[in-house]
Amino acid sequence: FFFKKATITFRYHPQPRATMKLATQLLAAYAVGSAVAEVYFKEQFNDDGWSERWTVSSDWKSKSELGEWKHTTGEWYGGDESDKGIQTSEDARFYGISAAMSKPFDSADKKDLVIQYTVKHEQNIDCGGAYIKLLPGGDKFESTKFGGDTPYGVMFGPDICGSSNKRTHVIFHYDKKDEGLLIKKNVNTESDQLSHLYTLVLRPDNTFEVFIDNKSVRSGKLDDEFDFLPEKEIKDPDQSKPEDWVDTREIPDPDDVKPEGYDDIPAEIADPDASKPDDWDDEDDGEWEAPMIDNPDYKGPWSPKMIKNPDYKGAWVHPKIPNPEYEYDEEMYAVCKGGCTHVGFELWQVKSGTVFDDIFITDSLEEAQQFAEESFFKKKEGEKKMYDDIQAKKDAEAQDDMDGMDDMDDMGMYDDMDMGDEF
């Protein structure tokens, strides 16, 4: 782990005064935004010492319920063989693991919070989580007990179960409600078998943004997209719909009268085209009766036609008043009051095989994007090529197996086999 400050190298070249003035202004602006960028956590799992930095949640569940984390490149990858991640390796297991950040992130500093990492579902995932958590606790954080009930500041990342339940979780803890607030509208996620980059930005102006593979997929105001605040307006408790309010659009026509004899029309009549069969014997078969059919003249129970209600006033709208409990909170973004000190994965997976890598937490989106260029995007094309090559090989082997079975069938080999009585 390390704490990093971005640095800038200036090279002097003689320039016209106007050009130099503009360049100085641009460099000053860049310096303000970049020189203070901090990296609170960076993990690439490229050395065997990763297991000393991370602690498995051994006391969260019984040993039989916990799956083992595997240090691996995965079956297909874009870097060299030393460029590894950690992978879930046992089906139908819980997975818990956490690590201390190199420096706490404290919302009191009023900086952007940027959380970024990669996820690769090699198993063609059917049901399982792949989200990361940002956690408070400091020296009192109990790593071996970290699990689903451990308080967190942020929960972010993919969660998939079935074809219709695929989302990228964005959940922020809100102290005033003492609960995690889930984004109202689903954020889509990726479910193929390649690595994807997930980035979340939370800003002190109470806005947020989610990127997948460095493309913005959702952004907005916290009070619009989450239930941080009560409604600005509520229904006036002193108002109610007047008793004489008419909201019935149509009424029966008072001039419409039921025709005489309408109720005497039967719903069914004897089929006039039916005739007694020639072999019908009244003594043996009983008296023949024609089958019944729907009466074409029967129109159902009579009801008067409807006309517009001359007294209709429209739908009554409950008047609203300002909500006395509404108060804007300037610190909705403050999910890490007192400091978030750890990161962790707390998951359940039906089918294992997800690889996590390149975790990066900073206060600068530009810093995170630069790191992504040096890691995720640098490996992306190579991983895709290796994946395509492996899939092509598997498809060819499967086709060879099918061709071999067809050849055996053509030679009649299956006919000579004794398949047993059960077949």
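Okay, let's start with the outside: the accessible surface of the protein comes to about 25,700 Å², and carbon and sulfur atoms account for 47% of that. Those areas are Shrake-Rupley with a 1.4 Å probe, and for residues only the protein chains shown count as cover.

Quick housekeeping. This is a predicted model, so local features need pLDDT of at least 70 and side-chain atom pairs count only at pLDDT 80 or more, while totals for chains, interfaces and linings use all residues. Residues are numbered from 1 along each chain as its sequence is written, and side-chain values use heavy atoms, with hydrogens and water left out.

On to the overall layout. We have six helices and 23 strands; these are DSSP runs numbered from the N terminus, H or I with at least four residues for helices, E with at least two for strands. Of the 423 residues, 36% are buried. Buried is under 20% relative accessible area, exposed is over 50%, and partly exposed is in between, with a 1.4 Å probe and protein chains only. Now contacts, meaning heavy atoms within 4.5 Å. Taking those between residues at least 6 apart in sequence, 74% join residues at least 24 apart.

So what's in the middle? The largest nonpolar core has 56 residues, and Trp54, Tyr117, Leu134, Phe172 and Phe345 have the most contacts inside it. Strand S6, residues 93–105, gives the largest share, five residues. By nonpolar core I mean buried Ala, Val, Leu, Ile, Met, Phe, Trp, Tyr and Cys residues joined through side-chain atoms within 4.5 Å. Tryptophan 54 is a good one to click on: leaving out residues up to four places away in sequence, its contacts include Phe41, Phe45, Ile97, Val343, Phe345 and Ile359. Glu43 and Ser98 are also among them. There's a second, separate core of eight residues, including Phe360, Leu365, Ala368 and Phe371. And the textbook background here: in soluble globular proteins, nonpolar side chains tend to be buried together.

Next, strand S13, residues 195–203. Eight of its nine residues are buried, so S13 is largely enclosed by the rest of the structure. Which strands does S13 pair with? One is S7, residues 113–121, which runs antiparallel to S13 with eight bridges joining them. Another is S14, residues 207–212, also antiparallel, over six bridges. Pairing here takes at least two DSSP bridges between the strands. To find the register on screen, threonine 118 has leucine 197 in S13 as its bridge partner, and threonine 199 sits opposite phenylalanine 211 in S14. S13 and S14 make a hairpin with three residues between them, and asparagine 206 in that turn has a positive phi of about 65°.

If you like odd backbone angles, keep going along the chain. Aspartate 213 is in the loop between S14 and strand S15 (215–221), with phi near 55°, positive in a residue other than glycine. Aspartate 213 counts as buried, at 13% relative accessibility. Aspartate 358 has a positive phi too, near 50°, but that residue lies in strand S23 and is buried at 2% relative accessibility.

While we're in S23, residues 354–362, look at threonine 354. How buried is threonine 354? It comes out at 0% relative accessibility. The threonine 354 side chain makes polar contacts with the side chains of glutamine 123 at 3.0 Å and glutamine 349 at 2.9 Å. A polar contact is a pair of N or O atoms within 3.5 Å; within protein, one must be able to donate a hydrogen and the other to accept it, and residues adjacent in sequence count only if both atoms are side-chain atoms.

Last stop, the disulfides, of which there are two; the cut-off is a pair of cysteine sulfur atoms within 2.5 Å. Cysteine 127 bonds to cysteine 161, S to S 2.0 Å. Cysteine 127 is in strand S8 (residues 127–129) and cysteine 161 in strand S10 (residues 154–161), so the pair ties together parts 34 residues apart in sequence. Cysteine 127 is buried at 15%, whereas cysteine 161 is partly exposed at 36%. The other disulfide joins cysteine 336 and cysteine 340, also with sulfur atoms 2.0 Å apart, and both of those cysteines are buried. What about handedness? The S-S torsion is about -90° for cysteine 127 and cysteine 161, so that disulfide is left-handed. For cysteine 336 and cysteine 340 the torsion is again about -90°, so left-handed as well.
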